[in-house]
Each structure stands twice: as C-alpha cells, then as structure tokens.
Amino acid sequence: TRASRVYVPHVDIYSAGDDIIILADMPGVAEKDIDIMLDKDVLTINGYISDPVLPEGYELAHGEYGIGDYQRSFTLPDEVDRNNVEASLSNGVLTVTLPKAPEAQARKITVKTA
C-alpha cells in the first residue's frame with residue numbers, strides 16, 4: 001500500500017478489426033512501474049509514479065500537475081481472448097491490445113445452392 005493520490009487515467013477504447021484497443025494516458029509512468037492484472041473478467045491497470053525529477057540545480061516554484069499513481073479497471077466482454085492480451089508504453093500512453101477470440105471474430109458465411 002502506498003500513501004499517494006490515485007488518479008483515473010483518461011482512456012480511448014477502439015474496435016480495430018480483430019482487436020479491441022485501450023489507450024490510457026499515463027504521463028510520467030515508466031514501463032517498469034506499470035502493473036496490469038487480469039483476474040477473471042476484470043482487467044486492472046496500475047501505474048506508479050516516483051517523485052518528480054527536476055533538472056539539477058532547479059527547484060519547483062509553481063506546480064499545477066498533480067503527482068500520484070494511476071488506477072483503472074475494466075470488465076471485459078466474453079469475446080476477448082484472455083491468453084493473448086498485450087501491452088506497450090510510448091510517450092506516456094499505454095496501449096493494451098485485447099484480441100477477440102476466434103469464435104467472436106467476424107467471418108464470411110458461404111451460401112450454397114440447394
């Protein structure tokens with residue numbers, strides 16, 4: 001347990017072909033400080049912020065950006081393939097890729113003549 005503020009990161013959720021994509025804004029979080037857990041139908045994202053790093057010789061005179069950790073949970077639909085979830089972090093944006101299970105993916109049905 002950490003004694004710090006906890007923020008809910010802003011997210012965008014997209015359906016992209018055979019995947020569901022979650023983009024979460026988590027500025028200041030390093031890749032090693034992200035914890036993503038999938039327990040049954042609940043995906044929980046935690047991002048931990050260490051103390052802000054200021055340039056050497058500087059001290060903060062005025063700050064408007066709140067420092068704290070991030071946490072957000074999502075209940076996943078049955079169509080998500082829970083064994084192949086992937087995540088990456090780039091420029092403070094966490095991307096979680098939730099592939100759809102093969103049985104939930106769109107497919108073309110062939111019509112046969114009788």
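This passage describes the fold of the chain and the surroundings of selected residues in a predicted model.

The secondary structure of the chain consists of eight strands and zero helices. Read from the N terminus, the order of elements is accordingly β-β-β-β-β-β-β-β. The C-alpha trace extends over about 80 × 25 × 20 Å along its principal axes. The radius of gyration of the chain is 19 Å, whereas a compact globule of 114 residues would have a value near 13 Å. Of the 114 residues, 25% count as buried. The exposed surface of the chain amounts to about 8,600 Å², and carbon and sulfur atoms contribute 50% of that area. When contacts between residues at least 6 apart in sequence are considered, 57% of them join residues at least 24 apart. The chain carries 10 positive and 19 negative charges, and the mean positions of the two sets lie 11 Å apart.

Two threonine residues located in strands were examined. Thr44 belongs to strand S5, which comprises residues 42–47. Thr44 is classed as buried because its relative accessibility, 16%, falls under the 20% cut-off. With neighbours within four places in sequence set aside, the contacts of Thr44 are Asp35, Ile36, Met37, Gln71, Arg72 and Ser73. Of these residues, Asp35, Ile36 and Met37 fall within the range of strand S4 (34–39), while Gln71, Arg72 and Ser73 fall within that of strand S6 (69–75). With Ser73, a side-chain to side-chain polar contact of 3.1 Å is also formed by Thr44.

Thr95 is part of strand S8, which spans residues 93–99. The relative accessibility of Thr95 is 21%, and this residue therefore counts as partly exposed, the limit for a buried residue being under 20%. Beyond its neighbours within four places in sequence, Thr95 contacts Ile21, Ile22, Leu23, Glu86, Ala87 and Ser88. Ile21, Ile22 and Leu23 lie in the range given for strand S3 (19–25), and Glu86, Ala87 and Ser88 in that given for strand S7 (86–90). Between Thr95 and Leu54, a separation of 41 residues in sequence corresponds to a C-alpha to C-alpha distance of 27 Å.

The loop between strands S3 and S4 contains both Asp33 and Gly28. Asp33 is buried, since its relative accessible area is 17% and the cut-off is 20%. Excluding neighbours within four places in sequence, Asp33 is in contact with Asn46, Gly47, Tyr48 and Ser50. Gly28, by contrast, counts as exposed, with a relative accessibility of 65%. The C-alpha atoms of Gly28 and Asp69 are 9.5 Å apart, although the two residues are separated by 41 residues along the chain.

Positive phi values in residues other than glycine were found at Lys40 and Asn91. Lys40 is situated in the loop between S4 and S5 and has a phi angle near 60 degrees. The relative accessibility of Lys40 is 70%, so that this residue counts as exposed under a threshold of over 50%. Asn91 occupies the loop between strand S7 and S8, and its phi angle is near 50 degrees. Asn91 is likewise classed as exposed, at 79% relative accessibility.

Asn84 is placed in the loop between strand S6 and S7. With a relative accessible area of 42%, Asn84 is partly exposed, because this value lies between the limits of 20% and 50%. The side chain of Asn84 is joined to that of Asp81 by a polar contact of 2.6 Å. When residues up to four places away in sequence are not counted, Asn84 touches Thr97 and Pro99. Both contacts fall within the residue range of strand S8. The C-alpha atoms of Asn84 and Pro99 are 6.6 Å apart, and 15 residues separate the pair along the chain.

Technical notes. Residues numbered from 1 in each chain as written. Heavy atoms only, no water. Helix = DSSP H or I, 4+ residues; strand = E, 2+ residues; numbered from the N terminus. Rg over C-alpha atoms; globule rule 2.2 N^0.38 Å. Buried < 20%, exposed > 50% of the residue type's maximum accessible area, 1.4 Å probe, protein only. Contact = heavy atoms within 4.5 Å. Areas by Shrake-Rupley, 256 points an atom, 1.4 Å probe, with all protein chains shown as cover. Lys, Arg positive; Asp, Glu negative; His and termini not counted. Charge placed at Lys NZ, Arg CZ, Asp CG, Glu CD. Polar contact = N/O pair within 3.5 Å; in protein donor to acceptor, adjacent residues only side chain to side chain.
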